[in-house]
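Me: I should like to learn how packed helices, chain contacts and confidence scores are read in a model. Would you take me through them in turn?

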Amino acid sequence: MTEGPDNISPQEEDLVEQHDEILRESNSFREGAELLSPWLIIVFFVIAFLGAGYLFWNSGGFKASVFNPARVAWDGAGTGGVAAAPDPMVVGKRIFTQNCVVCHQQNGLGVPGQFPPLAGSEWVLGQDWQGDNHIVQIVLHGLQGAVTVTGQQFNNVMAPWGKVLKDDQIAAVLTYVRNSWGNKAPPITKEFVAKVREQTKERTEAWTQKELQAIGRELVEQAAAAPAEQAPSPTPAATPGA
Amino acid sequence: MSKLAQLVFGVFAVFAIAWWGVVGYSYLQLGRMQPVLDENTGEVNPPPFSGLAAAGQQVYAANGCVSCHTQQVRSGAFSTDVEKKLGPRPTVARDYLRDAPAFLGHLRIGPDLTNVGLRSSDPNWFHAHLYEPQTVTPGSNMPSYRYLYRMRRIAGQPSIEAVTGLKGPYAPQAGYEVVPTEQARVLVAYLLSLKRNYPLPEAEPLQ
Amino acid sequence: MTSPDTPTTIEVEGEATLRLPVIMFLSSAVFWLVVGSFLGCLSAWKLVLPSLLDGAGWLTYGRIQPAAENALIYGWASQAGIGLGLWVLARLGRAGLGSERLLMAAGLFWNLGVLLGICSIVAGSGHAIRGLEFSSASATILLLAYACIGIWSLVLLRNRLKGSLYVSQWYLLTAFLCFPWLYATANMLLIWYPVQGSAQGPIAAWFWGNLIWLWLAPMVLALAYYVIPQFVRRPLCAYPSSVLAFWALVFLGGWSGTRQLIGGPIPAWLASAGVAASIMMLIPATIVSINTFGALSARNISAASELSFVIVGMACFAAAVVQGAATPLVSAVTHFSDYAIGENVLIVLGFVTMTLLGMISYALPRLTSDQGFSQKETSRHFWSFAWSVGTMFGALTFGGLFQGFALYDPRVEFISSVDLAMPFRFLYAIGGLVLLGSSIAFAVAFARVILTNISSPKTVHVYSRPQELVNV
């Protein structure tokens, strides 16, 4: 230690006054800055610029959903990666397995005499008088009475699923059914299901084959292409099928 | 205002800026997140912990595992974590939704544990590793956690819980077996549950 | 510029009332320095010899290491900073306390809190959040003890004789004002009523950053700014720019914490804001360095005195800020490696500890009637601490680089990174041993000064004129 305890430096006493005087004397920014070399001021600006630039280029657009700093997301892209869209075949298979295999079986062949098959079924593929809307109607409201599927006769009751499954789930499961076990048919969209649901929202009874045959044939592409076209509304009164 | 009052006010105001910017923002944007439903699998992500695994978090915290192990897979800008197969994708905030606390860690004295449940699904391996890490992984500098286990005489049949394959200096002699205590059991359940291989909308796609 | 001839009674009483509490804080701090060094040394050796004392839960690395860190931060650095900070406030403001008993009680409770906290970590109720590992009870005790300390600091400031404020007072005010908010907030949001795990990462990182840059750093900077003009016998050379440096530190210090989560599971902009703040922190660091080093003469530097401690401490401060600013360049390799431990050593042991040790050596003869440490003693202390901290930092940084490259390369197995780091960790452990020895030696010397003086409290040095000593 350079000084003993007895020699108290005057600086300690006057620290506050001395420095306050310096502050008061160099009140203006300019004078204060002159105490620093002008090169240093430039360096400070460069540092501030670097910091701000780093923040700007690595901020991911200041979005809470961007976690990768390399992603410059000023264009409105909110997510860090491509959101994995639900695959209708995967979702549809899951719903089918959870709800439909009890009757229609995992292989889509049904039970002869009891539950109609879905594989190769003209109802599913939208051939003959059947359109895309008919299978949507069946899933929404159910089916009862005598029906003919692939030349065989069935007379049973299918429960309605309109209240249990949402539009996108119905679309997914029908897309799955239409493209499995050798079936090949265009997918059903959830907008189409919503449209069909809206058409028959008052219905409470299951359909019969006769009632369905009275409804005109609608396809998903037609409906998408000409949304203004009004579909013929079916008779709301439910008559027991023959 | 006096000089002191000005200073106090100024410091408070500046402190509050960062407080709102970091803490307030984190609470509002990250602290109220919900798990998301994955349409493809019908599962909720991140999945909830089983009761054992939730208890295991306490043991993980109590023994300071976070002092040596991280649980974050960093994104490609600053790391090769995904290339090193530490996980199928970088982790995001929502992954830690159910963690209490979030064991992000800050050092890799030991390997990253984000997806250790994917690398091994054998509870016995975990038990053996906790009991004698330097025998299971030669060259490891992980200390032994044998105080989480009990050595006892085999009564009749060996317990199904007994840790098998122990070869180190504290391996049980003939007639003795090493069984995990409750703490070890829940800790291993927690480690087995560490998997972040589900997709999340804001995360990178799975590799 | 000189004050009147006769010493005012305010000066005498003021400092006299503060003497015992300050000595108590410093004594406790030195005690925890030894404890923290011991625990730190033990954990460093456990890193190298993992089978060392691994049979019991309370001795496992995962508990000893956080215990060491918390002991050094809350036991040693915080208390030394509080004690010296209050002392400096009293001297700068010529103010005193009404009664010393409240402050002594606060100090006692603070120590109780730290003791309970360390025991809780070692017993296995740690929270695994950096800086918050103490049990909730301990944290509450610390906050309650702090209430008194914080209030007295404001009283000392308010009762100051002169209206203007020197830079040390600004920094001390910042530290004393911010600590309760950040400690209470962090405990509230992470421990007592924890937020969801998804938000805990950034909040914990914010807390750790603030603990360093808005609690420890301002206190230490204030002390350095106080003591350096004494040795160079001149005012600071770029004083007006220290206003800018002060506000820059207060602003940037709050944001820089999230830099440790760069690339991690937080929104990218939060981490980038932390990095940007760390880069801009170079500005206040440059100004501080100019002020502290600018007026040093060759004579100041060559003699190993208390000033040497402070010079090394401030050099570590500058180096730490440069390291922080370089984060985006090196983070890919150095993140999670021993380099990060090295950064921590540089700040806590290099910057904070060295400066505090120098300040304690400076304050001792002014708090007691003792001569303080002799030139030889101070020199020995300085070199042993400097060597140990330098070795630890160097070993960890170089080892961390090797380890980091191994961690970065996808073709290299993890175990290779461990093998590469081992020899450097051995060097780090040796440094830890020397640190322990230095701490014990310092504590013994400190104890000798305190104990030989305690029996004669009559001699209190006051200053009213240079070269005059008034005995009260």
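**Helix packing, chain contact and confidence**

Reply: In this model, the axes of helix H2 (residues 61-93) of chain C and helix H13 (residues 338-367) of chain C come within 10 Å and cross at roughly 40°. Axes are lines fitted to C-alpha atoms, for helices over the stretch in contact, and angles run from 0 to 180 degrees between N-to-C directions. Helices (H or I, at least four residues) and strands (E, at least two) are DSSP runs, numbered from the N terminus. The model is predicted: local features need pLDDT of at least 70, side-chain atom pairs count only at pLDDT 80 or more, and totals for chains, interfaces and linings use all residues. Residues are numbered from 1 along each chain as its sequence is written, while chains are lettered from A and ligands numbered from 1 in the order in which they are written.

Me: How are H2(C) and H13(C) oriented to each other?

Reply: Two packed helices are described by the angle between their axes and the distance between the axes. H2(C) and H13(C) are oblique to each other (under 35 degrees is roughly parallel, over 145 roughly antiparallel, 65 to 115 roughly perpendicular, and the rest oblique). Residues in contact (C-beta atoms, placed from the backbone, within 7 Å) include C:Leu72 and C:Trp87 of H2(C) and C:Val348 and C:Met359 of H13(C). This contact has twelve nonpolar, two polar and no charged residues (Ala, Val, Leu, Ile, Met, Phe, Trp, Tyr, Cys and Pro count as nonpolar, Asp, Glu, Lys and Arg as charged, and the others, Gly among them, as polar).

Me: At what angle do helix H3 and helix H4 of chain C cross?

Reply: The axes of H3 (residues 101-123) and H4 (residues 136-158) of chain C cross at roughly 155° and come within 8 Å. H3(C) is therefore roughly antiparallel to H4(C). Among the contact residues are C:Phe109 and C:Trp110 of H3(C) and C:Trp152 of H4(C).

Me: How many residues does each chain give to the contact of chain C with chain B?

Reply: Chain C gives 72 residues and chain B gives 63. Helix H5 (residues 167-192) of chain C contributes the most to the side of chain C, with nine residues. That side has 40 nonpolar, 26 polar and six charged residues.

Me: Which element of chain A has the lowest mean pLDDT?

Reply: Where pLDDT is low, the predicted coordinates should not be read in detail. pLDDT is the predictor's confidence in each residue, from 0 to 100. Helix H2 (residues 29-34) of chain A has the lowest mean, 56, and helix H3 (residues 38-57) of chain A the highest, 91.

Methods: Two residues are in contact if their C-beta atoms, placed from the backbone, lie within 7 Å.
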